[in-house]
Amino acid sequence: MPKRSEDMFMDLWTSLVLVWITCVPYTSMTPITDQSKSIQTGGSAAVVSSVGEGQRLLSRAKRGWVWNQMFVLEEFSGPDPILVGRLHTDLDVGNKNIKYVLAGEGAGTIFAINEMTGDIHAMKRLDREEKAEYTLTAQVINADTDEPLEPPSEFIIKVQDINDNPPQFIEGPYRASVPEMSTVGTPVTRVTATDADDPVYGNSAKLVYSILEGQPYFSIDPNSATIKIALHGMDREMREEYLVVIQAKDMGGHMGGLSGTTTVTVTLTDINDNPPKFSKSLYEFVLPEDLAIGKPGGKVKANDRDVGENAKSTYSIIEGDDRGMFEIFTDSQTQEGILRLKKPLDFETKRAYTLKVEATNARFEPSSGGPFKDTATVKIVVEDSDEPPVFSKSMYVLEVNENAPINTVIGTVTARDPDATGSLVRYFIDRHTDLERQFNINVDDGKITLAKPLDRETDMWHNITVTAAEVRNHSQISRAIVAIRVMDINDNAPEFATEYEAFLCENGKPGQVIQTVSAVDKDDPIQGHYFDYRLVPEMLNNPNFTIKNNQDNSISVLAKHDTFRRQKQETYLLPIIVTDNGNPPMSSTNTLTIRVCGCSKEGIVQSCNVEAYVLPIGLSMGALIAILACIILLLVIVVLFVTLRRHKNEPLIIKDDEDVRENIIRYDDEGGGEEDTEAFDIATLQNPDGINGYLPRKDIKPDLQFMPRFLYICSYIIFFCAEAMK
């Protein structure tokens, strides 16, 4: 009650101040020297101040403007301009011819001055929110000459605020969220309103906030505008969204104040406060016993009232699966528990299972008291199916010797019908895996026998597929792989690894290694190969060669002397017996061919032919062939040279006497006598061919330039032959 009285008193006081401000400008303004602003005018004048009622005091003072700060109310509207204030100078004593002039912001448009009295009027309605104050300049001039009597002075007219703007929520409407089950007093959000009125003058911009809608769920601080939780236990699963209406009122919330509103949509966010719950406590499924491993056998579902991550659950089997026959996993899309098979079912072994399945929240929040869980019972009934026969093994490995006779029993495969009726089984070989039909099988007991001889050196392994089919239902078939390994026996003799051809130098030393010999065996004994080498009995006392064991399944053939000559014997044959360590041991005789050859000093084989002995010592066959070619070439050149010389020296005689009589040569040249032997040749008369240019004139000498070339060619041939003889 005292606070309410105080607020009413403040409102009354504010109203009185506004009335005083409005009415004061209509009263005459009395200069007060100690509170007014004075502007020097260059002279002195008497200023009358009000000291007491009925008393007047004369004093000397400097000339200048005297006024108080001027104010004008905004949004004032009336039939006449509103008087803002009056200007007065000490020069205005009633007998001076002066005039007041106004300049500055709004002079002449917004504000007008009475030139004679100095009264200032507002000509238009003002809005403080547009412009709060105006700066103007006043000056006194001579009314006749317009000459300034005093310097200009500035003053300010302030626009006084009135409560004409309501509060506004610029950022509204608002959206906020808060976790469900939050405690009372938990902040939700904060709103903000603005008021365009003057926050300094009065309470026009003082705002107070309140809730118009949204109680009793929320509350708001009247000063800070913070919205808080006001009700305990607000559950999202009951109601997720709330609409709150907030009001902001100026004038401190008192009567007559303006107000504005906004809305706040508050959403409760989810927390993990609900456990998963199975839709039913018992699930029943019937599964065929031939259900494939990994295939789903049923689905269970636990519902959670929460959303998002809080609604996700994991499933597990906690009882009834001692054999590990089943597993359960969560479908990420539907959040269902998918039950699937880990091991094959067998109706004849166990026909029913009872499992206990648990659903647990995947996300754990200690504050919510979790984790939450729920359980359900799952009964599974196994349904009998007509199953195919089952082999005792998925793969059989059998062994047989490569020399085993036909119809030898290699091994047996067995299969049975797992059904309770127990049908008989028949066995067959898939001939696509035994194209050569090397094996047979007994259709009744599954014994596999040999149909053709086997050779380990050809095929070491044979992989066949055996099928087992029920007698009652031929469509029920099973398959098994049978791998047959052919065991080795010692049925191959060792032999030289390659066709060896050894070369022996005539100038070799005794004990020199002629050839290193190794052997191979197609058999593959378990203990590995070991070969024994020896000369045939008739060669044990061989005077030319011997062998040495290298202890690595190879031998070295050695020469016993250095007197081997090609003209004596060109080739030697050395038979060697190679024996393996098999049971029984196998052996073979292999012959090593040794050729006697001529070698260089470095031991490099040059020639192994007997004909080389007819050649000069120190010359190879190639050198002798080159020498022979040079001799033949020289002979050809000599013959050609002799032929050319002979043709040149042949006399030019007339072969037929009648040529002179039948060929008359006429010419008009004068003879030079007997000494003129250069003009013509008498042989021309004797040989008519000379007329046609076939005989040279005497004054033309024969070309002998081919002689140096001939000598150069001969010298090159001699040089080549000499090089070949080296």
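Two strands count as paired here if DSSP finds at least two bridges between them. By that yardstick, strands β25 (residues 352-361) and β26 (residues 373-383) of this predicted model make an antiparallel pair, held over 9 bridges. One of the bridge partnerships in this pair puts Leu355 together with Val378 of β26.

Stepping back a little, β25 and β26 belong to an open sheet of 4 strands, which run in the order β20-β26-β25-β22 with mixed pairing. At the edges sit β20 (282-288) and β22 (313-319), each with a pairing partner on one side only. If direction is ignored, neighbouring strands of this sheet are turned against each other by 30 degrees on average.

Next come the disulfides, of which the structure has 2. A disulfide is a covalent bond between the sulfur atoms of two cysteines. One of them ties Cys505 to Cys599, with 2.0 Å from S to S. This link is left-handed, at -85 degrees about the S-S bond. It bridges distant parts of the chain: Cys505 lies in strand β37 (residues 501-505) and Cys599 in strand β43 (residues 587-599), 94 residues apart. Both Cys505 and Cys599 are buried.

Cys597 and Cys608 form a disulfide too, with an S to S distance of 1.7 Å. Here the angle about the S-S bond is 100 degrees, and the link is right-handed. Cys597 is again found in strand β43, while Cys608 falls in the loop between β44 (605-607) and α2 (621-649), with 11 residues separating the two cysteines. Cys597 and Cys608 are both buried as well.

Methods: Residues numbered from 1 in each chain as written. Predicted model: local features only at pLDDT ≥ 70, side-chain atom pairs only at ≥ 80, totals over all residues. Heavy atoms only, no water. Axes fitted to C-alpha atoms, helices over the stretch in contact; angles between N-to-C directions. Disulfide = S-S within 2.5 Å. Buried < 20%, exposed > 50% of the residue type's maximum accessible area, 1.4 Å probe, protein only.
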